[in-house]
Structure formats: C-alpha cells, structure tokens
Protein chains: 2
Amino acid sequence: MSQYGLNATLSETEMDMPPPSDPSPWLPFQSRRRARDEKREAVLRAAVALFLEQGYHRATLTEVAERLNITKPALYNYFRGKDEILFECWAMGQERVDDLIAGINAEGGTGLVKLRRLVRAYGEVMATDFGASLVRFDVRDLSDKNAEVVRAAKRSIDHTFRGYITEGISDGSIKPCDAKLAAFAIAGSLNWIGHWYRSDGPLSPKAISEEFTDRLTEGLARRPAGAKPRVRLSR
Amino acid sequence: MSQYGLNATLSETEMDMPPPSDPSPWLPFQSRRRARDEKREAVLRAAVALFLEQGYHRATLTEVAERLNITKPALYNYFRGKDEILFECWAMGQERVDDLIAGINAEGGTGLVKLRRLVRAYGEVMATDFGASLVRFDVRDLSDKNAEVVRAAKRSIDHTFRGYITEGISDGSIKPCDAKLAAFAIAGSLNWIGHWYRSDGPLSPKAISEEFTDRLTEGLARRPAGAKPRVRLSR
C-alpha cells in the first residue's frame, strides 16, 4: 500500500473547484462530497499503514499528517481523534467483509461452495491493510461503544463461517464435524494472514487465498471439490 | 491461570530458611536457588496474565507487584524492566515449544505423524498464557537484540512445520502441495488459538487440539489417518 503522495487530492483549492464544463448544478456538490470522502479515505490509508508499520501505540497523528503533507489540526476536520481513526480503519475492512458475505449469500449454493468462496474472498481481504486492521489491532484501544461494535462484528463473522459449515453438513456437501471448532480453525488460519502477509513479499494475495481455499476445505468436503476421475495410465 | 496468591512463596524469611532436618549441606543452597526460580516464575505468571488481560502497554509493573503482594522495587531483583519481563514470558512459551519439537524429533515417524504430533502439542501450548505470549505480543516492544531472538525463533517454528510437510511429501505420507503455504495455514490456525482461547470458556485445550489435529491434517494426508474400511450395510 502506497497511498501517501496525496498532496494534490488534499489541496484545499481543488476541493472547492467544480469540474470544468459541467452541465449539472448538482455535480459541484457531489464532487465536493466525493473530494471530501477521498480525503477522508486518504487519511485512513495513511493511518492504517502507519499503525500496522509501527504499532498503534507508537504511531502518532503528527506522523500521519506529515505523510499526507497536511497539518495535524487538519486531520480533525475528518476525525475526532486517534481512536476514532482506528475504528474507521477497522470499519473499512469490515465493510469489505460485509459486502463479500452479502455477495456469497446472494449467489447461493451448497454450504461447501459458500464456505470455499468465503475462504477465498476473506483471505484476499486479509492481505490488505484495511483487512489486516480487523485482526492486528486491540479492541481495548477503542471507546467502549466502538469496541462493542467490533466484538459483535467479529462474532458475526465467526457465525457466518460456522453457518456455512452447518449448512454443508445438512446438505451433504460437508462431512459431519464440530462446526464451531472447524470454523475457528479456518477463520484463524485466514486471520493469521493479516499478521504475516507483506505486500513486498513473494506471494500474491490471489495465490495465497487459492492455496488456502484448498488447504482449509479439502478435508471437510464429503467428496474433494474439483476431484477429477482418476485416469489409470497403462504402465 | 491463577498463580497470584504467592505471598508465602515470596516471603523473604522463607527464602533463607533451610528445610527442617535436612541432612545435606548442599540442599539449603539448592533450596534457595529453587525458591528464587519459583519466585521469578511467579512474577512471570502474574505478568503474563496481566499483559494478556490488559494489553502490554496498559499493564503496569506496579499492578504486577500488587498482585504478588510485593513492592515494585522487589521486581527488580528478578528483572531489569518491563520489556525484559515481556521477553522472559515469551521465552517460557518458546521453551515449551522447543521441548515438544525435540520430543517429536526424537520419537521419529513419517512426516505426517510428526506433523500431527506437532499440531496437537503446539495447539495445547497455545491455550496457555505463556504459549499465547508467543503470538499476542508485539516484538517491537522488545529490545532490538531480544526482538531478533524472537523473530529467529518464529522463523524456526515455521521451518519445523514446513520441514515435516516436506518430509511427508517425500515419504509419501502427505500429498504434494505447497509446503510453505500449507505450513502457514496450519501454524496460523494454531496461533490464532492464542487469541481466542479463554480458560473459563467451554472448550478444553485437549478437545481443541485434537479437533484441530484432524481438521488441519486430514486434507493433507495421502490416505486419511485412522480411516476405517467402509462397511457396507446390507440395506
């Protein structure tokens, strides 16, 4: 992630300028809102990268501001404080997880099919900074209210993994097992990606998530997914 | 873990008293050393529990001392400071992992057999406070020298998992796969136990580690471990 050189996006002048030759009276407002959202996200990208690099307690908002080439007080146009920024970094990651689960549920399929889709997509999210923020930070650094939101969301992710496994056992695609512990084993393995993955390392998120999909579900499948009939060579 | 009420063990008088009716002139010294080791470990047990409960940055040595009913300066008889205590907590967990790996290597067997033993034993260690300290704390809180020791040990654990898988592929007990990613998937799942396990929860370390052993290795096994021949019922 290298979302630093955002001076242009963050300059105050650009924020108030309507796009040139714009026919609609609505766009300047939308454009302003978009510019504001983009700046807000730029702050979160710089913050999450710094928090992950240095650890939340060592990282300072002064350095976040420096990386964005803005002043520290300018950050308070977007956020009330460091722990709110931490929460919003988490929320960015959580939103992606919510979206991918909604997509999987909409598409349907057996429990095993949904589980495999979840493993692949969640694994890829874990290899992003916002994804890692779901598992690398300490909820005790948040306000009590936000900590409770995060804890409830974590439980919900666990329940989704468990739910797909339970569905799979019911529909026969997954062999009988302790769905709760199987879900912990799978989610834990994926969560750990957020701890070890380095974007400058040799492994792509896609390669990791595909390998993990096979590794983490092949033992559960009642018949190995994608198994091909064996061809016996004549020697 | 509840190693708190250690006032007796930690009283200064007991430390200097030889065991009653002791025939050997050596034992008082050994006994003193043992008492010192016990006190030192009591400090580590109190510290690791507090660090895990509150997070390293929030926890104070004053509270560690309070829990042991000793003064904060008394802690400095055993450790030079908070980060040294953190390192020694990690070292207690690492020692258990080193021991169990040495035991597995001494016993021998196929790659799959050794991998399954490692999964079971490492999973149980992760459900202890010292085991959790291998994965819950931030190496950046240590001195540079100690951080390097920890990083090297983490790499060594990864290599042990990977080595058993590679051995298993060679000896035919494990089917061909990307040994590096398979090792990450398995170790990650086990490391995550250190994040979610609660000793007051419904799951015993043994139940967890047994279920995880099956879940995490059954897909890798060339033939499922412990598979029974299918009995076809006559209806």
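A crossing of two helices is left-handed if the near helix is turned anticlockwise from the far one by less than a right angle, and right-handed if clockwise. By that rule, α9(B) passes α10(B) in a right-handed crossing. The model is a predicted one. This report covers chain A's make-up, the pairing of the chains, and helix packing in chain B.

**Chain A**

Chain A has 11 helices and 0 strands. Its pattern along the sequence is α-α-α-α-α-α-α-α-α-α-α. The chain holds 235 residues, and 37% of them count as buried. Take the contacts in chain A with a separation of 6 or more: 72% of these join residues 24 or more positions apart.

**How the chains pair**

A turn of 180 degrees, with a shift of 0.0 Å along the axis, lays chain B on chain A with an RMSD of 0.1 Å. That relation is the one of a two-fold axis. Both copies use the same surface, since 100% of the contact residues of chain B recur in chain A.

Chain B puts 22 residues into the contact, and chain A puts in 22 residues. On the side of chain B that touches chain A, the elements giving two or more residues are α10 (179-196) and α11 (205-217) of chain B. The most comes from α10(B), with 10 residues. By class, this side of chain B has 10 nonpolar, 6 polar and 6 charged residues.

**Helix packing in chain B**

Two packed helices are described by the angle between their axes and the distance between the axes. The table gives both values for three pairs.

| Helix pair | Angle | Axis separation |
|---|---|---|
| α7(B) and α9(B) | about 150 degrees | 7 Å |
| α9(B) and α10(B) | about 125 degrees | 8 Å |
| α8(B) and α10(B) | roughly 110 degrees | within 8 Å |

Start with helix α7 (residues 111-126) and helix α9 (residues 144-171) of chain B, which pack at about 150 degrees. That angle makes α7(B) roughly antiparallel to α9(B). The contact residues of α7(B) are B:Gly111, B:Leu112, B:Lys114, B:Leu115 and B:Leu118. Those of α9(B) include B:Phe161, B:Tyr164, B:Ile165 and B:Ile169. The contact of α7(B) with α9(B) divides into 7 nonpolar, 3 polar and 3 charged residues.

Next come α9(B) and α10(B), packed at about 125 degrees. The two are therefore oblique to each other. As stated at the start, their crossing is right-handed. From α9(B), the contact draws on residues including B:Ile157, B:Phe161, B:Ile165 and B:Ile169. From α10(B), it takes B:Ala179, B:Lys180, B:Ala182, B:Ala183, B:Ile186 and B:Ala187. By class, the contact of α9(B) with α10(B) splits into 9 nonpolar, 1 polar and 3 charged residues.

The third pair is helix α8 (residues 129-136) of chain B and α10(B), crossing at roughly 110 degrees. That makes α8(B) roughly perpendicular to α10(B). Here the crossing is left-handed. On α8(B), the contact uses B:Gly131, B:Ala132, B:Leu134, B:Val135 and B:Arg136. On α10(B), B:Asn191, B:Gly194 and B:His195 take part. The contact of α8(B) with α10(B) has 3 nonpolar, 4 polar and 1 charged residues.

**One loop residue**

B:Ile70 sits in the loop between α4 (61-68) and α5 (72-75) of chain B. A residue is buried if 20 or more other C-beta atoms lie within 10 Å of its own. B:Ile70 has 22 within that distance, so B:Ile70 is buried. B:Ile70 and B:Ala152 are 82 residues apart in sequence. In space, they lie 35 Å apart, C-alpha to C-alpha.

Terms used
Residues numbered from 1 in each chain as written. Chains lettered and ligands numbered in written order. Predicted model: local features only at pLDDT ≥ 70, side-chain atom pairs only at ≥ 80, totals over all residues. Least-squares fit on C-alpha atoms with pLDDT ≥ 70 in both. Contact = placed C-beta atoms within 7 Å. Helix = DSSP H or I, 4+ residues; strand = E, 2+ residues; numbered from the N terminus. Nonpolar A, V, L, I, M, F, W, Y, C, P; charged D, E, K, R; others polar. Axes fitted to C-alpha atoms, helices over the stretch in contact; angles between N-to-C directions. Parallel < 35°, antiparallel > 145°, perpendicular 65-115°, else oblique. Buried ≥ 20, exposed ≤ 12 C-beta atoms within 10 Å, placed from the backbone.
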